[in-house]
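Take a look at the sequence and the structure below. Then read on for a short tour of selected spots.

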Amino acid sequence: MANAESVSKEDISIEPYDTDTIHNFTPTQTKNSAGNYVISYTWSATVADARHTMTAVYNLEDGTTQEEVIFNGGQAYDINGTVNFVARGAVKSVTLVAKNREGISHAERTANISDKTGSMPVINASDIELNVGDKFDPMANVTATDKEDGDLTNKIKITANNVDTSKTGTYHVTYSVQDSDNNITTKTITVKVVEKTSG
Ligand SMILES: [Ca+2]
């Protein structure tokens with residue numbers, strides 16, 4: 001009987017899942033050069049059972065989620081890591097969820113995203129009209145500004161320019177500028193070249 005009682009006690013014992021603790025979790029969001037949202041954070045946790053897993057749930061602005069297992073268990077009690085996660089869209093918050101080996105959540109921590117993507121740069125450029133034979137400087141009177149970076153005029157790239165002032169026509173110049181958060185703005189202006197009218 002003593003043996004049966006012992007087994008029964010073990011079966012009903014509650015494992016100390018609630019001793020799991022998530023520390024050091026401050027995700028931030030940036031954009032990479034491809035325009036994808038990248039979530040970065042370091043994290044650490046004290047996990048009561050090495051068989052537990054840690055899953056990150058990324059809550060996107062469109063209301064959907066993406067999940068990624070960032071810890072698969074099998075390690076000792078103090079675990080940590082660095083995550084760089086590429087999301088489909090802007091991320092509102094990230095929830096780290098510790099799950100026991102039955103897949104049941106038993107510790108979690110949600111952090112709102114500190115959005116580092118900032119505002120888009122602005123290109124100031126206007127359509128212009130020229131006379132045949134005029135000189136055309138595509139950078140004349142063209143500037144770029146950014147709320148976070150300030151003046152970005154020297155970062156402007158001309159990505160297309162078919163202007164030919166030797167003959168009449170309607171031409172286009174396309175400008176592009178990238179800010180320090182990898183936000184890219186493009187702007188196309190129209191350049192009309194007309195016959196010089198005398199008088
Ligand atoms: Ca900016």
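This report visits one strand residue, one hairpin and two loop residues. The model is predicted.

**A residue in a strand**

Start with I70. It sits in strand β5, which covers residues 65-71. I70 has 18 other C-beta atoms within 10 Å. A residue needs 20 or more to be buried and 12 or fewer to be exposed, so I70 is partly exposed. Now look at its contacts beyond four places in sequence. They are M54, T55, A56, G81 and V83. Take A56, which is 14 residues away along the chain. The C-alpha atoms of I70 and A56 are separated by 6.7 Å.

**A hairpin**

Next come strands β7 (residues 91-99) and β8 (residues 105-112). They pair in the antiparallel sense, over seven bridges. T95 stands opposite T110 in β8. The two strands, β7 and β8, form a hairpin with five residues between them. In that turn, G103 has a positive phi of about 85°.

**Two loop residues**

Most residues other than glycine have a negative phi. N141 has a positive phi although it is not a glycine. N182 also has a positive phi and is not a glycine. The table sets out both.

| Residue | Phi | Loop between | C-beta neighbours inside 10 Å |
|---|---|---|---|
| N141 | about 60° | β11 (128-131) and β12 (143-146) | 9 |
| N182 | about 65° | β15 (169-178) and β16 (184-194) | 16 |

Which residue counts as exposed, with 9 C-beta neighbours inside 10 Å? That is N141. N182 has 16 such neighbours, so N182 counts as partly exposed.

Technical notes. Residues numbered from 1 in each chain as written. Predicted model: local features only at pLDDT ≥ 70, side-chain atom pairs only at ≥ 80, totals over all residues. Helix = DSSP H or I, 4+ residues; strand = E, 2+ residues; numbered from the N terminus. Contact = placed C-beta atoms within 7 Å. Pairing = 2+ DSSP bridges.
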